[in-house]
2 protein chains.
Amino acid sequence: MTTEAGGSENLLFLTDEQLRKGIEAMFFAYRGFTADPDRILEGMDYGRAHHRALHFIHRSPGTTVNNLLSILGVTKQSLNRVLRTLIEDGLVESKVGRADKRERHLHLAPKGAELERRLSDAQRARMRAAYRAAGPAAVQGFRQVLEAMMDAEARRHYQSLKETNT
Amino acid sequence: MTTEAGGSENLLFLTDEQLRKGIEAMFFAYRGFTADPDRILEGMDYGRAHHRALHFIHRSPGTTVNNLLSILGVTKQSLNRVLRTLIEDGLVESKVGRADKRERHLHLAPKGAELERRLSDAQRARMRAAYRAAGPAAVQGFRQVLEAMMDAEARRHYQSLKETNT
DNA sequence: CTTGGAAAGTCAACAAGGCTGACATAAAAT
DNA sequence: ATTTTATGTCAGCCTTGTTGACTTTCCAAG
């Protein structure tokens with residue numbers, strides 16, 4: 001109980017209003033976050049679910065379907081629908097595992113890598129602009145709060161994605 | 001061009017890897033952000049869309065349908081489906097405008113206020129925990145980056161929502 | 001070697017919540 | 001008097017999530 005009603009700046013900002021404002025920030029920002037890729041995808045036969053699959057296959061080449069399922073947090077039926085079209089259309093390659101032939105290892109084919117790059121470029125451009133506008137200290141705080149907001153399992157996945165330069 | 005390739009800590013962190021990590025943080029954190037209210041709503045006849053409507057009606061009592069549409073960024077048909085059930089079930093009251101009788105002004109009825117509070121309590125609890133874990137400085141950065149990530153119109157809406165104590 | 005169970009895939013059906021288009025009504029504005 | 005605005009509603013479609021049932025493949029333990 002070191003920080004109960006003492007009102008160090010540790011607690012002062014935790015009013016309901018402040019928390020609601022944070023909630024609204026998440027809501028509005030997430031819309032912006034998805035807006036650019038969504039615009040690119042509309043008209044194509046793909047949607048946000050395809051984008052997510054491409055993103056994580058790009059990030060973890062050779063990942064298995066099961067691993068991808070657990071990262072994305074959807075059912076295999078839901079992912080399969082998305083993955084099937086990506087494979088059929090030649091954006092993703094599915095290779096039978098060498099050690100365990102039940103597993104499928106997923107890689108981006110050139111077409112998939114190209115679409116992923118287009119989507120990612122757009123999304124990173126917005127993220128870069130936001131980072132620049134807010135500054136380096138803000139970015140650190142941004143990441144800290146988001147990480148603390150994740151469920152434990154999501155945080156595990158998040159942390160295990162490599163980052164070359166923190 | 002004061003900060004081009006100079007590598008002050010202004011730009012060093014803007015590698016693609018860092019930006020991707022930010023993108024992933026948004027993805028995983030948003031899942032956590034919606035998880036608790038979603039759990040409360042499952043089994044009820046309501047979903048995330050109902051939650052959003054309740055939230056913003058609570059925040060702006062007496063708001064019109066058109067204003068709510070513009071905040072939520074959906075079509076009137078989509079909102080109407082949600083709003084109709086909330087009104088029929090007695091969670092939301094729709095009052096014909098006094099000045100302009102075409103408008104409907106929306107308020108939470110007691111039942112609606114109670115559900116909104118349950119949902120908000122859960123969501124605020126997670127936000128509070130994340131804020132506490134990350135600390136006050138991080139919170140400021142979090143909000144700055146999110147605000148910079150919004151589309152201009154969303155930012156307008158965001159900023160016009162009152163906050164008693166920044 | 002057989003068998004249990006994990007990994008993957010598929011089919012069917014359904015729900016939430018987006019969307020468009022068309023149309024109706026009331027009231028305000030011109 | 002006419003047009004525009006705010007709202008509501010019907011019908012139909014799409015994406016992306018869900019459950020449940022079932023099959024095939026194949027590793028690994030008995």
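Begin by selecting the protein surface near DNA strand D, where α2 (48–59) and α4 of chain A, together with α3 (65–72) and α4 of chain B, each supply at least two residues. Keep in mind throughout that this is a predicted model.

With that surface shown, colour it by residue class: three residues are nonpolar, ten are polar and eleven are charged. Of the 24 residues around DNA strand D, the ones that come nearest are Arg48(A), Arg52(A), Arg81(A), Asn66(B) and Lys76(B). On the DNA side, sugar or phosphate holds 57% of the strand D atoms within 4 Å of the protein, and the rest belong to bases.

Next, zoom in on individual contacts to strand D. At Arg48(A), a backbone N or O atom lies 2.6 Å from a phosphate oxygen of the strand, while at Ser78(A) an N or O atom of the side chain is 3.4 Å from a sugar or linking oxygen. Chain B can be examined at Arg104(B), where a polar backbone atom is 3.5 Å from a phosphate oxygen of DNA strand D.

Now move to DNA strand C, around which there are 25 residues, with Lys76(A), Arg102(A), Arg48(B), Arg52(B) and Arg81(B) coming nearest. Of the strand C atoms that come within 4 Å of the protein, 57% are accounted for by sugar and phosphate.

Which part of strand C does the side chain of Lys76(A) approach? One of its polar atoms lies 2.3 Å from a base oxygen of DNA strand C, whereas a polar side-chain atom of Asn66(A) lies 3.1 Å from a phosphate oxygen. Select Thr75(B) as well, to find a backbone N or O atom 2.7 Å from a phosphate oxygen of strand C. The elements giving two or more residues to this surface are α3 (65–72) and α4 (76–88) of chain A and α2 (48–59) and α4 (76–88) of chain B.

Leave the DNA and turn to the aromatic rings, which form 13 pairs over all chains. Select Phe28(A) and Tyr158(B), an edge-to-face pair with 6.3 Å between centres and 75° between planes. This pair crosses between chains, running from helix α1 (residues 16–41) of chain A to helix α7 (residues 152–160) of chain B. Phe28(A) counts as buried because its relative accessibility is 0%, and Tyr158(B) counts as buried because its value is 1%.

Widen the selection to include Phe27(A) and Phe56(B), which form one aromatic cluster with Phe28(A) and Tyr158(B). Finally, add Lys21(A), which lies over the face of Tyr158(B) at 4.5 Å from the ring centre, and then Lys21(B), which lies over the face of Tyr158(A) at 4.5 Å from the ring centre.

How values were computed:
Residues numbered from 1 in each chain as written. Chains lettered and ligands numbered in written order. Predicted model: local features only at pLDDT ≥ 70, side-chain atom pairs only at ≥ 80, totals over all residues. Heavy atoms only, no water. Near = heavy atom within 4 Å. Polar contact = N/O pair within 3.5 Å; in protein donor to acceptor, adjacent residues only side chain to side chain. Helix = DSSP H or I, 4+ residues; strand = E, 2+ residues; numbered from the N terminus. Nonpolar A, V, L, I, M, F, W, Y, C, P; charged D, E, K, R; others polar. Phe/Tyr/Trp six-rings, centres within 6.5 Å; stacked < 30°, edge-to-face > 60°. Buried < 20%, exposed > 50% of the residue type's maximum accessible area, 1.4 Å probe, protein only. Lys NZ or Arg CZ within 6 Å of the ring centre and 35° of its normal.
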